[in-house]
Amino acid sequence: MIIKTEEEIELIKESSLLVGKTLGEVSKVIGPGVVLSDLDKLAETFIRDNGAVPGFKGLNGFPASLCISLNEAVVHGIPTSYVLKEGDIVSVDCGVLKNDFFGDSAYTFAIGNVSDEIRNLLNTTKSSLYKGIEKAIAGNRIGDIGHSIQTFCEDQGYSVVRELVGHGLGRSLHESPEVPNYGRRGKGTVLPENLVIAIEPMINLGKRSIKQLNDGWTIVTKDGLPSAHFEHTIVVRKNKAEVLSTFEFIKGEN
Ligand code: MG
Ligand code: MG
């Protein structure tokens, strides 16, 4: 694990803030009739106009600036020419690299009116992210974060994706440790102060099994039921985690 200095945390905060603003730009236009690849272009332009580069583009060959994952897609969706329609849900995951440091955050948007069942999945997944963040304090363990997310979601009948997890980040998008969204209280690595991690619950309406599509990227639920994903970059502190990314620019959030 790479513990960050306050100067490094400040740079990650700047990158994470730009991610939050980019998601805010996306939120202004996202809706029925919008083409996914247009959202990607908008995000890339905004990121570059702000002196940064898209964090995902080219990473392991990923072709776009945003991961856009629709309905039964969990994560790693490639923006396509698909036109959004009322009732869709869409996870928009954004990373930027600025001043040599990454920021990473994701938000799942409801397109127009969605069913109460899906609205509840989104609300629960977002709430579970904050349940996890509450446990990200120095001296706690990795398992405390996952346990908190898992019990909160499973108590409401949802399932937690196991194969994909949160992660440390800094000069690299993915650093140690892995941060699973499931786990046992009091187990796993002790969280040190100034550890920067991305916490990102991926929660399914149906069963937890997933598979990868033939595009080599998109992860979908095996049962074809919807999945939600919310993510913040945070820094572990003594009494309360500090959230470095933000949803404050997202239309409808406040
Ligand atoms: Mg992400
Ligand atoms: Mg991430």
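## Two magnesium ions and their surroundings

The magnesium ion (ligand 1) and the magnesium ion (ligand 2) lie 3.1 Å apart, with D104 bridging them. This is a predicted model, in which local features need pLDDT of at least 70, side-chain atom pairs count only at pLDDT 80 or more, and totals for chains, interfaces and linings use all residues. Residues are numbered from 1 along each chain as its sequence is written, chains are lettered from A and ligands numbered from 1 in the order in which they are written, and side-chain values use heavy atoms, with hydrogens and water left out.

### The metal sites

Let us start with the donors, meaning N, O and S atoms within 2.8 Å of the metal (3.2 Å for Na, K and Ca); water is not among the atoms, so sites may look incomplete.

| Ion | Protein donors | Distance | Spacing in sequence |
|---|---|---|---|
| magnesium ion (ligand 1) | D93 (OD), D93 (OD), D104 (OD), E231 (OE) | 2.0 to 2.5 Å | D-x10-D-x126-E |
| magnesium ion (ligand 2) | D104 (OD), H167 (NE2), E200 (OE), E231 (OE) | 2.1 to 2.3 Å | D-x62-H-x32-E-x30-E |

For ligand 2, the pair D104 and H167 links distant parts of the chain: D104 sits in strand β5 and H167 in strand β7, 63 residues apart. Helices (H or I, at least four residues) and strands (E, at least two) are DSSP runs, numbered from the N terminus.

How accessible are these residues? Buried means under 20% relative accessible area, exposed over 50%, and partly exposed in between (1.4 Å probe, protein chains only). D93 counts as buried because its relative accessibility is 7%. D104, at 2%, is buried too, and H167 is likewise buried.

### Strands that pair

Two strands pair if DSSP finds at least two bridges between them. H167 belongs to a hairpin: β7 (residues 166–168) and β8 (residues 175–179) pair in the antiparallel sense over 3 bridges, and 6 residues join the one to the other. Within this hairpin, H167 has E178 of β8 as its bridge partner.

Elsewhere, 3 strands form an open antiparallel sheet in the order β6-β10-β13. Its edge strands, β6 (159–160) and β13 (227–229), each pair on one side only. Between β10 (residues 202–204) and β13 there are 3 bridges, again antiparallel, and N204 stands opposite S227 in β13.

### Two pockets

Now for the open spaces. On a 1 Å grid over the protein atoms alone, a cavity is a set of points where a 1.4 Å probe fits but cannot get out, and a pocket is an open set with protein on both sides within 12 Å along at least five of seven lines; lining residues have an atom within 4 Å of a point. Grid points are joined across faces, edges and corners, and a volume is the space filled by probe spheres set on the points.

Which residues lie nearest the centre of the largest pocket? They are H76, H167, L173, H174 and E200, out of 21 that line it. H167 and E200 are also among the donors of ligand 2. This pocket holds about 400 Å³ of space, and its lining divides into 10 nonpolar, 6 polar and 5 charged residues. Here Ala, Val, Leu, Ile, Met, Phe, Trp, Tyr, Cys and Pro count as nonpolar, Asp, Glu, Lys and Arg as charged, and the others, Gly among them, as polar.

The second largest pocket has a volume of about 240 Å³. Of its 16 lining residues, Y107, F109, A110, R119 and K251 are closest to its centre. Both β5 (101–110) and α3 (116–134) supply at least two residues of that lining.
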